[in-house]
Amino acid sequence: MLDRRAGDGPDARRQADEGRIAPFDVAVEGVANRARERRDPDRAQRRGHRRSLGELREEEKEWDGDQSAADAEQRAEETGHDADDGKPKHRSYRMGMDALARLREAPGRAAVLLDLDGTLAPIVARPEDAAVPEETRAVLRDLAGRYALVAAITGRPGAVGRELLGVDEMELVGSHGLELAEAADEWRARLQEFRGTVDWPVEDKGLGLSYHYRTHEDPEQARVELEQVAERARDAGLRARFGRMVLELLPPLEAHKGTAVRALLQGAGLSRALFAGDDTTDLDAFGAVEELEVGVTVAVDSDEAPPELVARADVVVSGPAGLVELLKSL
């Protein structure tokens with residue numbers, strides 16, 4: 001594994017800024033003082049405050065000139081005291097603007113974890129038509145050659161997800177992490193039994209059923225009908241949740257993208273990671289990343305993105321294309 005570490009400290013961060021960040025100009029949302037912003041549901045206002053990556057890097061440089069947050073945090077870790085008793089103690093202040101720089105400076109100690117549909121592969125009307133662009137695959141291969149772990153976590157079955165991803169250098173966990181759960185196979189037959197009771201086109205994922213209504217002639221009425229399906233599924237002991245124009249039915253197991261993130265990082269012995277996603281199922285992964293020594297949560301925004309995901313993210317990018325530019329900066 002090639003490890004292009006640049007060391008720690010302001011000089012290394014400035015070199016990273018000049019060498020990797022400066023060429024890219026992506027619409028992102030600031031990461032400092034996010035705890036307050038996460039309580040604000042007004043997405044229009046949040047979007048109005050977005051700045052380019054270049055602008056955020058300039059803000060980082062200003063922090064560097066007056067004792068960087070990372071230096072203060074490191075001293076706090078060494079002494080066992082808070083870096084600055086006069087500052088807010090929430091996670092975003094401590095990690096915030098410096099977290100991306102810390103990932104870039106020590107890729108051999110970090111993971112890049114990504115959702116697939118809507119994050120790497122743009123959303124399309126029919127799931128079977130989804131594709132990861134070749135440019136995106138090239139960026140992912142570059143990351144896989146430098147970072148300790150690069151992986152995708154998808155709601156699709158593992159074999160289908162790997163074919164869609166098309167990057168052999170990456171790991172992939174399918175079925176929202178259910179493929180890692182020991183008891184999952186016991187629910188396959190029950191899912192199939194329930195499938196037979198629903199007169200609706202279904203994407204059968206083996207360990208999950210997805211009922212899409214993006215192409216329905218009346219999406220609002222479709223949602224009403226699928227709400228009834230969801231209620232029946234819960235009565236049958238299944239988990240039912242709505243995502244972006246889809247109802248997903250899953251086994252009632254403690255297995256989700258958050259457990260998948262924890263398993264991947266534990267297996268690799270890592271405590272630093274970035275996770276990017278676009279839907280409600282990615283909130284569990286956000287929770288796992290927020291527990292880390294260094295963690296960055298990225299929301300891939302769109303008109304359909306859940307407000308809670310956007311509000312909770314450390315960084316917001318505009319669509320899969322915006323994510324690609326952010327990944328290039330790593």
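Biologist: How many helices and strands does the secondary structure of the protein come to?

Modeller: Keep in mind that this is a predicted model. Its secondary structure comes to 14 helices and 12 strands.

Biologist: And what share of the 330 residues is buried?

Modeller: The cut-off for buried is under 20% relative accessible area. By that count, the buried share of the 330 residues is 53%.

Biologist: In the open sheet of six strands, what is the strand order, and which strands stand at the edges?

Modeller: The order is S5-S4-S3-S10-S11-S12, and the pairing is parallel. Two of these strands have a single partner each, so one side of each is left without a neighbour in the sheet. Those edge strands are S5 (171-173) and S12 (315-318).

Biologist: What does the twist average from one strand to the next there?

Modeller: Going from strand to strand in the six-stranded sheet, the average twist is 20°.

Biologist: Let's look at S4. How many bridges join it to S5, and which residue in S5 stands opposite Ala 152?

Modeller: S4 covers residues 149-153 and runs parallel to S5, with three bridges joining the two. Ala 152 has its opposite number in S5, and that residue is Leu 172.

Biologist: What about S3 and S4: over how many bridges do they pair, and which residue stands opposite Ala 151?

Modeller: S3 and S4 also pair in the parallel sense, over four bridges. The residue opposite Ala 151 is Leu 113.

Biologist: Which residues of S4 are buried on one side, and which on the other?

Modeller: In a regular strand the side chains alternate between the two faces of the sheet. S4 is mostly covered, with five of its five residues buried. One side has Leu 149, Ala 151 and Ile 153, and the other has Val 150 and Ala 152.

Biologist: Which strands does helix H11 touch, and what angle does its direction make with that of S4?

Modeller: H11 spans residues 257-268 and packs on the six-stranded sheet. It touches S3 (111-114), S4, S5 and S10 (272-277), and its direction makes an angle with that of S4 of about 160°.

Biologist: And helix H14: which strands does it lie across, and at what angle does it run to S12?

Modeller: H14, residues 319-329, lies across S3, S10, S11 (294-301) and S12. Its angle to S12 is about 120°.

Biologist: Why are the buried residues of helix H7 on the same side, and what covers them?

Modeller: The buried residues of H7 (134-144) are Thr 136, Arg 137, Val 139, Leu 140, Leu 143 and Ala 144. They cover an arc of only 160° around the axis, which puts them on the same side of H7. What covers them includes S3, S4, helix H8 (158-165) and H14.

Biologist: Is Arg 137 buried or exposed, and with which side chain does it make a polar contact?

Modeller: Arg 137 has a relative accessible area of 15%, so it counts as buried. Beyond four places in sequence, Arg 137 touches Val 132, Glu 163, Leu 164, Leu 165, Gly 166 and Val 167. Its side chain also makes a polar contact, at 2.6 Å, with the side chain of Glu 134.

Biologist: In the sheet of four strands, what is the order, and which are the edge strands?

Modeller: This open sheet is antiparallel, in the order S6-S7-S9-S8. Two strands pair on one side only, and these edge strands are S6 (203-204) and S8 (239-243).

Biologist: Which helix packs on that sheet touching S6, S7 and S9, and which lies across S7, S8 and S9?

Modeller: The helix touching S6, S7 and S9 spans residues 188-195, makes about 30° with S7 in direction, and is H9. The one across S7, S8 and S9 spans residues 219-235, runs at about 155° to S8, and is H10.

Biologist: Where is His 176, and what is its phi?

Modeller: Most residues other than glycine have a negative phi. His 176 lies in the loop between S5 and H9, and it is buried, with a relative accessible area of 4%. Although His 176 is not a glycine, its phi is positive, at about 55°.

Conventions: Residues are numbered from 1 along each chain as its sequence is written. This is a predicted model: local features need pLDDT of at least 70, side-chain atom pairs count only at pLDDT 80 or more; totals for chains, interfaces and linings use all residues. Side-chain values use heavy atoms; hydrogens and water are left out. Two strands pair if DSSP finds at least two bridges between them. Axes are lines fitted to C-alpha atoms, for helices over the stretch in contact, and angles run from 0 to 180 degrees between N-to-C directions. Contact means heavy atoms within 4.5 Å. Buried means under 20% relative accessible area, exposed over 50%, partly exposed in between (1.4 Å probe, protein chains only). The arc is that of the directions from the helix axis to the C-beta atoms. A polar contact is a pair of N or O atoms within 3.5 Å; within protein, one must be able to donate a hydrogen and the other to accept it, and residues adjacent in sequence count only if both atoms are side-chain atoms.
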